[in-house]
Amino acid sequence: MAHAHRSKNSVALIHPQPSVYPPVLNAPVGSVRRPVGVTNPSFGPVPPFDPASLPQPGFVLNPAVLVGMEQRRSLSLLQFMSNEGLIPSPEEELKRKNAIEKLKEIVLTWVKRVAWQRRRPKQQISVTSATILTYGSYGLGVHGPESDIDALCVGPFFASMADDFFIVLHNMLERRPEVSEIHCVKDAKVPLMRFKFDGISIDFPYAQLRLLYVPDNLDVLNPYFLRNIDETSWKSLSGVRANECILQLVPNVENFQSMVRCVKLWAKRRGVYGNLFGYFGGVHLAILAAFVCQRNPHANLNVLISTFFKTFSGWPWPTPVALEGGRLPTEGTRDTRALMPIQLPCSPYEFCHSNITKSTFYRITTELTLGHALTRDLLRLDFDWNDIFEPFCYSKKYSRFIKIYLSSPNQDHLGDWVGWVKSRFWLLLAKVEEVQGLCDPNPTEFIDPDSGEPNVVFFWGVQPGRINFSDIDVVEDFFLQNINNSGYQGHPGKMVLSVLPTSQLPGYAQLDTGSWKRTKACWRMSEYHQPRLPVFSQHLPLYFVGYAATNEDVKRLNAWS
């Protein structure tokens, strides 16, 4: 906040001093830098704001009074976050910590077994190791009570992804009583396993380094450890490397963490969160928040939030956003197709993956402008944080909706089908824009209770325009053809598109509540109800590795034999 000249009726503004925040607990286990995270602060009651305490016009406020007012605003925002349940309790944090520690033990046992199976020398078996590095919201310390954990398994040079990770480690995890709902996502940009560990959802990719011993405190930014790794491992490491860079570059980790929680809640409530739908993802918001924190190192939380909206409501897109101290983009590296390019701080050649379209760009910039209008004067008497986080009113904004109905005969297969279709939503959105014009893809998932089969339903807002029932049939045929030709490995379900006026929205479609839910892409590693053939190690022929489905993995089995 800049200085202002004094006049008879003016208010003197100064740079506020850092506010005093409640005590925090340790950062998530497995994070590279182990940043401090705000965890269930014990707030005392925030005194109500008394307008009578403000001096009348003609007086000049003492700078200390302004600082105190800003600190009170920041504390009220932290209290709001706590009331909204954004911060995990100490018990929930301990549960996550224990889950990561148990996973580390399993991974260490796994790598010793693989080393023996591959007939490594005894000396190598005794010293070899693997580790787990957390990233994403958990690694940054900005996760909520229901957030999953992104945990990267990093193994040595002899532990392969196809054989050792997706079969040996998969079977070890499957036999653990803590593990449930385990799936393999092999064809994703970053292949991974997805499962629940003691009820906590975990995304579990793999990176293979040219090392024998992988230390717990692995420096993922050191080029020595990244030499000669394959492209898949490089992509798997990008999330951890981005987290590490961000945490090193922000001047105040606690302020950054609180800010990310706030802007993430704002984005969800206002319907502009969800990378698969063409909106911001977690890494986008983290970098944008870090950008503001770097330029306001001594600002209170409320000033950071206000500056966030001010900065990006007027940002000259498509000028890229890049953190100071990161690796600046080199000439010609910018993706000219990106409407809102945001550079990953760990590489001059990489930008955050984005599905932003003309429609979602318009929605995002409109919400940023509204956020700026609401936070322009945080010290006004009628200011209320609830105004910023008010859920977006879809039913008042749009007169018609595209209903996307996805179903499957089997509940276990529904998540696979929905996740796969969502990964292709960018194509559907582009086609709808071509036919209709602007479209607002609401990320919220609903369930039709009157349907006789497991289902998930989306409602995308559209303005009155050219689209009609015949047009939506063309859109549906186009999208289904793309889905059928995209190599989906699971059990295909059903998809039906239709156009509904707002007056005919079903009762279960509570569009204006601000709730936000997602179903992640996942599909089974094999058909466990079909006969499966045993797989033996190519390095130790009598060592049993696991099973593979006969109808999907025969070619690979022959290659392993």
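Two strands count as paired here if DSSP finds at least two bridges between them. Keep that in mind as you click through this predicted model.

**Stop 1: strands β6, β7 and β8**

Start by selecting residues 439–441, which form strand β7. Three bridges join β7 to β8, and the two run antiparallel. Now pick Asp440 and look across to β8: the residue opposite is Gly461.

Next, select β8 itself, residues 455–462. Eight of its eight residues are buried, so the strand is largely enclosed by the rest of the structure. In a regular strand the side chains alternate between the two faces of the sheet. Colour β8 that way and you will find Asn455, Val457, Phe459 and Gly461 on one side, with Val456, Phe458, Trp460 and Val462 on the other, all of them buried.

Then add β6, residues 400–407. This strand is antiparallel to β8 and joined to it by eight bridges. To see one pairing, show Ile402, whose bridge partner in β8 is Trp460.

**Stop 2: helix α14**

Select residues 425–435 for helix α14, where eight of the eleven residues are buried. Among the buried ones are Phe425, Leu427, Leu428 and Leu429, and also Lys431 and Glu433. After α14 comes Gly437, which has a positive phi near 110 degrees.

**Stop 3: the five-stranded sheet**

Move on to an open sheet with mixed pairing, whose five strands follow the order β1-β2-β5-β4-β3. The edges are β1 (131–135) and β3 (179–185); each has a single partner strand, so one side of each lacks a neighbour in the sheet. On average, neighbouring strands here are turned by 25 degrees against each other, direction ignored.

Helix α6, residues 231–249, packs on this sheet and touches β1, β2 and β5. Turn the view to compare directions: that of α6 makes about 120 degrees with that of β5.

Now walk through the strand pairs:

- β3 and β4 (residues 192–197) are antiparallel, with five bridges; show His183 and you will see Arg194 of β4 opposite.
- β4 and β5 are antiparallel too, joined by six bridges; here Arg194 has Asp203 of β5 as its bridge partner.
- β2 and β5 are parallel, paired over five bridges; Ile149 stands opposite Ile202 of β5.

Pause at the hairpin of β4 and β5, which has two residues between the strands. Asp198 in this hairpin has a positive phi near 55 degrees. As for β5, eight of its nine residues are buried, so the strand is largely enclosed by the rest of the structure.

**Stop 4: helices α9 and α10**

Select residues 301–313 for α9 and 358–375 for α10. Their axes lie 8 Å apart, and the helices pack at an angle of about 135 degrees. The two are therefore oblique to each other, and their crossing is left-handed. Show side chains at the contact, including Phe308, Phe309 and Phe312 from α9 and Leu368, Gly371 and His372 from α10. The contact residues comprise four nonpolar, six polar and one charged.

**Stop 5: Ser89**

Finish with Ser89, in the loop between α1 (63–83) and α2 (90–117). Is Ser89 buried or exposed? Its relative accessible area is 18%, and buried means under 20%, so Ser89 counts as buried. Add Pro145 to the selection: the C-alpha atoms of Ser89 and Pro145 are 7.4 Å apart, although the two residues are separated by 56 residues in sequence.

Definitions and conventions: Residues are numbered from 1 along each chain as its sequence is written. This is a predicted model: local features need pLDDT of at least 70, side-chain atom pairs count only at pLDDT 80 or more; totals for chains, interfaces and linings use all residues. Side-chain values use heavy atoms; hydrogens and water are left out. Buried means under 20% relative accessible area, exposed over 50%, partly exposed in between (1.4 Å probe, protein chains only). Helices (H or I, at least four residues) and strands (E, at least two) are DSSP runs, numbered from the N terminus. Axes are lines fitted to C-alpha atoms, for helices over the stretch in contact, and angles run from 0 to 180 degrees between N-to-C directions. Contact means heavy atoms within 4.5 Å. Angles under 35 degrees count as roughly parallel, over 145 as roughly antiparallel, 65 to 115 as roughly perpendicular and the rest as oblique. A crossing is left-handed if the near helix is turned anticlockwise from the far one by less than a right angle, and right-handed if clockwise. Ala, Val, Leu, Ile, Met, Phe, Trp, Tyr, Cys and Pro count as nonpolar, Asp, Glu, Lys and Arg as charged, and the others, Gly among them, as polar.
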